[in-house]
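Reader: I have a model open in front of me and would like to practise reading helices and charged pairs. Could you walk me through it?

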Amino acid sequence: MTKHPSMPAISFDNLAIEYGADDIINALVRFVAKITNPQSSRQQIAMAGMQIHLPMTSVRVFHRICILNPTHHEYSDMLNLLDAVHIRPTRVDSRGRTTAGRFNTVLVDIGSGLSSNISDLRVAQVRVVFSLKDHHCERLFGELHTKVATHLAYVQWFSKFTVMPSSQHRLYKLKRCYIRDADTNYRVAEVIPVNKIRCSIQLFPQFGSGTAPRQWTPDNVLEECETFYANPFHK
């Protein structure tokens with residue numbers, strides 16, 4: 001991570017609008033509840049999170065993660081590479097030209113260590129990387145604040161890997177994960193420590209048997225498409 005944030009303070013409201021982090025407040029209080037109640041069930045953590053009041057309305061935001069020695073792809077034997085994960089919103093320069101936002105997909109360690117077992121890894125899209133000020137961290141986590149990761153990421157999950165890839169092309173099929181009911185339809189998201197991110201990972205959109213939708217572009221296909229194939233050959 002860079003020493004200084006890309007943006008010194010962005011409000012939660014603007015993170016939802018500009019970065020697509022529409023559930024960041026709920027995800028952050030669940031993260032706090034999970035750290036401070038490590039033995040609790042998921043339901044208990046959700047209940048505990050409802051009692052947490054965030055002492056801030058903005059956070060420091062970072063637009064890039066650099067990862068050394070990142071390759072944990074199944075077929076990769078390359079070491080000591082520098083991997084970069086980019087997380088930035090759409091921007092307009094002084095001449096009025098628009099540069100599309102970039103929110104990379106990554107491979108996250110959901111296990112307890114450095115296992116390369118596919119069941120301990122999961123794909124997510126990073127929407128925000130941020131840090132908390134020391135006094136906010138101490139207020140939220142109490143005595144545990146020194147053990148909390150300095151940099152956190154708000155990610156949106158894809159489905160878990162199947163046991164085996166497709167026998168035809170050896171790619172893993174993934175879908176966006178949603179919470180759906182009568183009133184809501186939003187992506188499943190979570191706040192995680194940045195050090196849980198192993199590396200970037202390339203996804204191919206599933207085009208189906210027909211032609212690709214005309215509205216898909218290189219800049220928006222990750223948002224428009226719902227089903228992808230993970231590329232384990234990417235290095």
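**A shared glutamate**

Author: Happily! This is a predicted model, and a good place to begin is a charged pair: the side chains of glutamate 223 and arginine 187 meet in a salt bridge, with 2.9 Å from N to O.

Reader: Where do glutamate 223 and arginine 187 lie?

Author: Glutamate 223 lies in helix α5 and arginine 187 in strand β13 (residues 185–187), so the pair ties together parts that are 36 residues apart in sequence.

Reader: Is arginine 187 buried or exposed?

Author: For this we look at relative accessible area, where under 20% counts as buried. Arginine 187 has 15% relative accessibility, so it counts as buried. Its partner, glutamate 223, is partly exposed at 28%.

Reader: Which residue does glutamate 223 also bridge to, arginine 127 or aspartate 23?

Author: Glutamate 223 forms a salt bridge with arginine 127, and the closest N and O atoms are 2.9 Å apart. Glutamate 223 sits in helix α5 (residues 221–224) and arginine 127 in strand β9, so this pair ties together parts that are 96 residues apart in sequence. Arginine 127 counts as buried, at 6% relative accessibility.

Reader: How should I read salt bridges that share partners?

Author: Read them as one unit: here they join Arg127, Arg187 and Glu223 into one network.

Reader: How many salt bridges does the count come to?

Author: The count comes to six. Another one pairs arginine 30 with aspartate 23, with the closest N and O atoms 3.5 Å apart. Arginine 30 is partly exposed at 31% relative accessibility, whereas aspartate 23 is buried at 10%.

Reader: Now for a helix. What span does α2 reach from its first C-alpha to its last?

Author: The idea is to set the span beside the value expected for the number of residues. Helix α2 (residues 24–36) has 13 residues and reaches 18 Å, close to the 18 Å expected at 1.5 Å a residue.

Reader: Which residues of α2 are buried?

Author: They are Ile24, Ala27, Leu28, Val29, Phe31, Val32 and Ala33.

Reader: And what do the buried residues of α2 pack against?

Author: Try tracing their neighbours on your screen. Among the helices they pack against are α1 (12–19), α3 (42–49) and α4 (134–141). They also pack against the strands β9 (121–131), β10 (151–157) and β14 (189–193). You have met β9 already, as the strand that holds arginine 127.

Key. Residues numbered from 1 in each chain as written. Predicted model: local features only at pLDDT ≥ 70, side-chain atom pairs only at ≥ 80, totals over all residues. Heavy atoms only, no water. Helix = DSSP H or I, 4+ residues; strand = E, 2+ residues; numbered from the N terminus. Expected span 1.5 Å × (residues − 1). Buried < 20%, exposed > 50% of the residue type's maximum accessible area, 1.4 Å probe, protein only. Contact = heavy atoms within 4.5 Å. Salt bridge = Lys/Arg side-chain N within 4 Å of Asp/Glu carboxyl O.
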